[in-house]
Amino acid sequence: MRSIALIDVNNFYVSCERVFNPALEGKPVIVLSNNDGCAVARSNEAKALGIQMGTPWFQLRDLARQHGILAFSSNYPLYADMSNRVMTILSRFSPVQEIYSIDECFLELTGMPLPHSAIGRAIQKRVRQWTGLPVCAGIAATKTLAKLANHLAKKHPRFNGVCDLNALNPAEQEEWFTCIPAGEIWGVGRKLAPRLATIGIHTAQDLRQANPAMLRSRFGVVMEKIVLELKGVACLDLETLTEPRQQIVCSRSFGIRVSDLPSLQEAISLYVTRAAEKLRRQKSLAGSISVFLQTSLHQTEPQYAPSLSIPLPVSTDDTSQLIKAALWGLKRIYRPEVRYQKAGVMLAELTSKAAVQQCLFSATTRKDQSESRMAALDGINRKMGKNTLRYASEGVTQNWKMRSGNKSPCYTTSWKEIAVARC
């Protein structure tokens, strides 16, 4: 029987904060989105208080004072680094790995010694010892069933963090599936669950027993695949190769409303720099760049959300050329009387750097200089730290940057903020 494991870090953002601040254990903790807007991660203690995902922080302040809820600003450099460490550890347990998200990955366990639940326990122990993060493992014959097994591993004490559906007999599987609402199934969710309920499908067991062809006629091929996967028929392969992005978007909300052009130029320059770094990492070139602005959706002033796409004469990954094009576009959509809440850029028409069509009239020397300059820029920033070298157009003070009023140190990615052990 095929065996696929889904490994998931519990309450990932909160768990990362707790690794370096053990005093947070057992306390209600939430992590906030950009600009400290709303809850994007919650500890089990915070969930027990009824805090829902996406609840705005200003609505939680009274509850926080009453129950001692601790709120942290998002620390994306820390979370990304901890994720990389976890995925590197997990790659040691299987030669076939699909990194599904920042805190989840699938592993192929087929053909490995039984019981596979012992491998799940070993993964739990290794990740906990080496990173301090708690993980759960769901093991089953298909990816959808592995997701379901992971749900059981996380929610039910009997499994203690590891659930191997392949080790359960059909009667045991049916008993557990009957307890799981259809909305908890990967790919169904809250939107489709009410529609399924109208035809008598309320639980995972109901959906498992349904007719795939009938559901395909009503809901499409995706629902048919979900039903087949629940029956143990694999329709989704592990995707071990990450496809290059077709578009790269970088945007942020401002910490304050911004109306002056110099501040917007600083923000756009910074976002282009970040997007260009991602472009070079996947060894692609951009054929066009778009710049966009947006006012607050909640303001009483007139809404204004312009955008402009600028085709590039030659596809490039040179940050300076992309900044120049973006700032040209910014001036054409900018209105001085408007207060903006958000800005961003998008790189599009991406092509592989190895397969791009060269221009007959392009200057080879200038192209070589650009590649050498970008390689030097990336190399220095990679070795000496982010923003060691940056473009002057990005500004210095950046008063418009998003709010991070309670951000923890970047313990693992900044020498200045590295954790210090004191006796």
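Select Cys410 first: this cysteine is buried, with a relative accessible area of 7%. The model on screen is a predicted one. Now show the sulfur of Cys410 and find the closest cysteine sulfur, which belongs to Cys16. The two sulfurs are 12 Å apart, too far for a bond.

Next, go to Cys105. Is Cys105 buried or exposed? Cys105 counts as buried because its relative accessibility is 0%. For the sulfur of Cys105, the closest cysteine sulfur is in Cys136, at 13 Å. That distance, too, is too far for a bond, since a disulfide requires the two sulfur atoms to lie within 2.5 Å. By this rule the disulfide count is zero.

Return to Cys16 and extend the selection to helix α1, residues 12–20. How many residues of α1 are buried? Seven of the nine are, leaving the helix mostly covered. Cys16 is one of these buried residues; the others are Phe12, Tyr13, Val14, Ser15, Glu17 and Arg18.

Keep those side chains displayed and add what they pack against. On the strand side, select β1 (4–9), β2 (29–32), β3 (39–42) and β4 (70–73). Then add the helices α2 (44–48) and α4 (76–90), which the buried residues of α1 also pack against.

Finally, widen the view to residues 4–189, the range that an unreviewed UniProt entry annotates as "domain: UmuC". Over this range the chain is 40% helix and 20% strand. Mark the C-alpha atoms at the two ends of the range: they are 22 Å apart.

How values were computed. Residues are numbered from 1 along each chain as its sequence is written. This is a predicted model: local features need pLDDT of at least 70, side-chain atom pairs count only at pLDDT 80 or more; totals for chains, interfaces and linings use all residues. Side-chain values use heavy atoms; hydrogens and water are left out. UniProt positions are given in the numbering used here, feature names are shortened, and annotations may be inferred rather than shown by experiment. Helices (H or I, at least four residues) and strands (E, at least two) are DSSP runs, numbered from the N terminus. Buried means under 20% relative accessible area, exposed over 50%, partly exposed in between (1.4 Å probe, protein chains only). Contact means heavy atoms within 4.5 Å.
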